[in-house]
Amino acid sequence: MSGITAQAGENTSEDVVAATSTAQTAGQSNIAEANPSAGEDSDSALGEWTSSSTVSISDTIRNYRELHGRTYHNFGNTEYWGPNDDAANEQLDIGHHMNNLILDNKLFLAPIGKTPQRVLDVGTGTGIWAIDFADEFPSAEVIGTDISPIQPSWVPPNLRFYIDDAQLEWTFPENHFDLVHMRTMIGSIDDWPLLYKRAFKSIKPGGYFEDSETDIRIRSDNGSVPPGSPMYDWGELFIGAGEKMGRTFLVAERAKKLLEEAGFVDVVEHTVKVPIGSWPQDDRMKELGRWNLLFLTTGLESMGMYLLMHILGWEYAAVQAYLEKMRTALLSKDHQAYVNISTFYARKPEDIPA
Ligand SMILES: C[S@@+](CC[C@H](N)C(=O)[O-])C[C@H]1O[C@@H](n2cnc3c(N)ncnc32)[C@H](O)[C@@H]1O
């Protein structure tokens, strides 16, 4: 792992400051800079959004909630199913590598040119995508936001992290970003049409939006993931839990339409069948499959525990028993399983009808 996690109580309250201007005047005080010292020397274009006055906020967002030894964020009213501890963050970083492989070693697909100026990564997680982006594009002022303060302090000078809930009113200026990026926000969002509309508003005319989302259903083309098997049930359980909490896991199948309804044009969908395990013949797919297997086996409990226990009401022992069956099934050589991972990118038109 990249060593970029933060444990509850590890940092002092000085480590987190709240940006007060636009956020609070809009009635949204839930924004905090996660690494205020980072980027101090840069000629920051972020100044117009962040406040001239900052205040310390309490340590409460680091008093994480706990469920059977796993920690979960504690910021505002938004609920999120994933833990924010070392084990969870390690899985995110494995996922980052896998997602880059899916995009042929690229961080994104949108044709934003070589010198983007302002870029936002919503739900940045450990911030690994934003860090790589900021390194690759020194021209850009990059912002990563998340509800968990799990981003590192040592980051490229052109990157800032903010603790911010993407479900609240966005306080970024309108027509501002060259690129707004999201990845794996399934099961986190109540209102996808609204989220896409907010992204649209914040992007400048001619700028791009990109979102990569996994279809949580594990499939096979040869009947080796039959209904009733642990891998088949995985998708059904997630979808059921998503419906129950009002935050769907079925995003990819609606994304194109929702992006067009939000006002984006030239929506491109790039879907890859990402194998689970080394069963494919093709070398690239075999490598992807190994990473996906590592991603899933590393994160089984991270992905499943909150949803199965807290949302679907399972006992802890039943959860562990199912996760063990799932692990055995994933590691078995008897299947040719895969998931679809879809990346969508779309442009905000230059001329927006009034
Ligand atoms: C599955 S992780 C993906 C992280 C990162 N995008 C990546 O691909 O590595 C989802 C992230 O979204 C964050 N998240 C969930 N709900 C959020 C919200 N309402 N606002 C901002 N971030 C949110 C979580 O804390 C978590 O870090």
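This briefing describes the strands, the nonpolar core, the ligand surroundings and two unusual backbone positions of the structure above. The model is a predicted one. Strand S6 (118–122) pairs in the parallel sense with strand S9 (residues 177–183), and 5 bridges also join S6 to strand S7 (141–146), again in parallel. Around the ligand there are 23 residues, while the largest nonpolar core holds 85 residues.

**Strand S6 and its partners**

- Because 5 of the 5 residues of S6 are buried, this strand is largely enclosed by the rest of the structure.
- Arg118, Leu120 and Val122 point one way from S6, whereas Val119 and Asp121 point the other way, and every one of these residues is buried.
- In a regular strand, side chains alternate between the two faces of the sheet.
- S6 and S7 run parallel and are joined by 5 bridges, and within this pairing Asp121 has Gly144 in S7 as its bridge partner.
- The pairing of S6 with S9 is also parallel and extends over 4 bridges, with His181 in S9 as the bridge partner of Asp121.
- Asp121 therefore has a bridge partner in S7, namely Gly144, and another in S9, namely His181, and it is one of the buried residues of S6.

**Helix H3 and strands S7 and S8**

- S6, helix H3 (128–136) and S7 together make a right-handed β-α-β unit.
- The buried residues in H3 are Ile128, Trp129, Ala130, Ile131, Phe133 and Ala134, and what covers the buried residues of this helix includes helix H2, S6, S7, strand S8 (159–163) and S9.
- S7 pairs in the parallel sense with S8 over 5 bridges, and in this pairing Ile143 stands opposite Arg160 in S8.
- S8 is mostly covered, with 5 of its 5 residues buried.
- From S8, Leu159, Phe161 and Ile163 point one way and Arg160 and Tyr162 the other way, and all of them are buried.

**Strands S9, S10 and S13**

- S9 and strand S10 (residues 203–214) pair in the parallel sense over 6 bridges, and His181 stands opposite Glu210 in S10.
- His181 is thus placed opposite Glu210 of S10 and is also the bridge partner of Asp121 in the pairing of S6 with S9.
- A second right-handed β-α-β unit is made by S9, helix H4 (residues 192–202) and S10.
- Since 9 of the 12 residues of S10 are buried, this strand is largely enclosed by the rest of the structure.
- S10 also pairs with strand S13 (residues 337–347), here in the antiparallel sense and over 7 bridges, with Ser212 standing opposite Thr343 in S13.

**The largest nonpolar core**

- Of the 85 residues in this core, Ala134, Val142, Val180, Phe209, Met231 and Leu259 touch the most other members.
- Helix H7 (residues 283–311) gives the largest share of the core, which is 9 residues.
- In soluble globular proteins, nonpolar side chains tend to be buried together.
- When its neighbours within four places in sequence are left aside, Val142 is in contact with Val119, Asp121, Ala130, Phe133, Ala134, Asn158 and Leu159.
- Among these contacts of Val142 are Ala130, Phe133 and Ala134, which are buried residues of H3, and Leu159, which is a buried residue of S8.

**The ligand surroundings**

- Gly123, Gly125, Ala166, Arg183 and Ser188 come nearest to the ligand out of the 23 residues around it.
- The elements that give two or more residues to this shell are H2, H3 and S7, and the largest share, 3 residues, comes from H2.
- By class, the shell consists of 7 nonpolar, 13 polar and 3 charged residues.

**Positive phi angles outside glycine**

- Most residues other than glycine have a negative phi.
- His68, although it is not a glycine, has a positive phi of about 45°, and this residue is found in the loop between strand S4 (65–67) and strand S5 (70–72).
- His68 counts as exposed because it has 11 C-beta neighbours inside 10 Å, and a residue is exposed when it has 12 or fewer.
- Asn105, which is not a glycine either, has a positive phi of about 60° and is found in the loop between helix H2 (86–102) and S6.
- Asn105 is likewise exposed, with 8 other C-beta atoms within 10 Å.

Methods:
Residues are numbered from 1 along each chain as its sequence is written. This is a predicted model: local features need pLDDT of at least 70, side-chain atom pairs count only at pLDDT 80 or more; totals for chains, interfaces and linings use all residues. A residue is buried if 20 or more other C-beta atoms lie within 10 Å of its own, exposed if 12 or fewer, and partly exposed in between; C-beta atoms are placed from the backbone. A residue is near a molecule or strand if its C-beta atom, placed from the backbone, lies within 6 Å of it. Ala, Val, Leu, Ile, Met, Phe, Trp, Tyr, Cys and Pro count as nonpolar, Asp, Glu, Lys and Arg as charged, and the others, Gly among them, as polar. A nonpolar core is a set of buried Ala, Val, Leu, Ile, Met, Phe, Trp, Tyr and Cys residues joined through C-beta atoms within 7 Å. Two residues are in contact if their C-beta atoms, placed from the backbone, lie within 7 Å. Two strands pair if DSSP finds at least two bridges between them. A crossover is right-handed if, with the strands pointing away from the viewer, the path from the first strand over the helix to the second runs clockwise.
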